[in-house]
Amino acid sequence: MSHPLDDAEARCQWARKRFNLLQEEIAAFPRDAQTVRFRQEFEPNTNSITVFVANEVEYPIGWALTVSEILYHCRVALDYVAWELRNWQQEIEGNADVEDRNTMFVIEPTSEHFAEVSRRRLKFLHPDHVAMIEELQPY
């Protein structure tokens, strides 16, 4: 029998594999190509210094795709967790068949945004679970 969070675990494992491969690719990238250099110019008339980027570092486009894939799988894993918390709570309340297309793991920049969005996105979760998700917010 499978565990309700097996899908979340699989997403995390996939993201970890991709992250490890990306780290290997970055380590193999020439050190000089990884360095952003700056130059500065002093302007005596205004007594100011202007700083410029002296070189453009070009990274393989695949890196951006890999990073977005890693973030996507991590995000989906969090949504699986929120969904399973919702399922658990609804089974306890006897409302397992409630129509719900809004539950997702909320990530917001401020407590005000979290309060507003969680009313819709986490309304089927137990208040303790909502509080735990809030503790994980970046603010």
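This is a tour of one predicted model, going from the whole chain to single residues.

**Whole chain**

Start with the full chain in cartoon view. Five helices and two strands are present, and from the N terminus on they follow the order α-α-β-β-α-α-α. Show the C-alpha trace and turn it along its principal axes: the spans are about 75 × 40 × 20 Å. The radius of gyration is 23 Å, whereas a compact globule of 139 residues would have one near 14 Å.

Switch to a surface. The accessible area of the chain is about 10200 Å², and carbon and sulfur atoms account for 55% of that. Of the 139 residues, 24% count as buried. If you draw contacts between residues at least 6 apart in sequence, 53% of them join residues at least 24 apart. Colouring by charge brings up 14 positive and 24 negative charges, with mean positions 3 Å apart.

**Helix α1 and a long distance**

Select Glu25, in helix α1, which covers residues 6–28. Glu25 is partly exposed, because its relative accessible area is 41%, and the band for that class lies between 20% and 50%. Now add Asp97 and put a distance label between the two C-alpha atoms. The label should read 47 Å, for a pair 72 residues apart in sequence.

**The loop between the strands**

Move to β1 (38–43) and β2 (48–53); Asn47 sits in the loop between them. Check its backbone torsions: Asn47 is not a glycine, yet phi is positive, at about 50°. Is Asn47 buried or exposed? Asn47 counts as exposed because its relative accessibility is 62%, and the exposed class starts over 50%.

**Helix α3**

Next select Thr66, which belongs to helix α3. With a relative accessible area of 8%, Thr66 is buried. Which residues does Thr66 touch, leaving aside neighbours within four places in sequence? Show Arg18 and Leu22, as these are the contacts of Thr66 beyond that window.

**The loop before α4**

Follow the chain to the loop between α3 (61–93) and α4 (111–121), and select Thr110 there. Thr110 counts as partly exposed, since its relative accessibility is 26%. Display side chains: the one of Thr110 makes a polar contact with the side chain of His113, at 2.8 Å. Then add Tyr139. Thr110 and Tyr139 are 29 residues apart along the chain, and their C-alpha atoms are separated by 5.6 Å.

**The segment after α5**

Finish with Gln137, in the segment that comes after α5 (127–135). Gln137 counts as buried because its relative accessibility is 7%, and the buried class is under 20%.

Which residues surround Gln137 once neighbours within four places in sequence are left aside? Select Phe105, Val106, Ile107, Glu108 and Phe114, with which Gln137 is in contact.

Two distances complete the view of this side chain. One runs from a polar atom of the Gln137 side chain to the backbone oxygen of Val106, at 2.7 Å. The other, from the Gln137 side chain to the backbone nitrogen of Glu108, is 2.7 Å. With both labels on, the side chain of Gln137 is seen to reach a backbone oxygen at Val106 and a backbone nitrogen at Glu108.

Technical notes: Residues numbered from 1 in each chain as written. Predicted model: local features only at pLDDT ≥ 70, side-chain atom pairs only at ≥ 80, totals over all residues. Heavy atoms only, no water. Helix = DSSP H or I, 4+ residues; strand = E, 2+ residues; numbered from the N terminus. Rg over C-alpha atoms; globule rule 2.2 N^0.38 Å. Buried < 20%, exposed > 50% of the residue type's maximum accessible area, 1.4 Å probe, protein only. Contact = heavy atoms within 4.5 Å. Areas by Shrake-Rupley, 256 points an atom, 1.4 Å probe, with all protein chains shown as cover. Lys, Arg positive; Asp, Glu negative; His and termini not counted. Charge placed at Lys NZ, Arg CZ, Asp CG, Glu CD. Polar contact = N/O pair within 3.5 Å; in protein donor to acceptor, adjacent residues only side chain to side chain.
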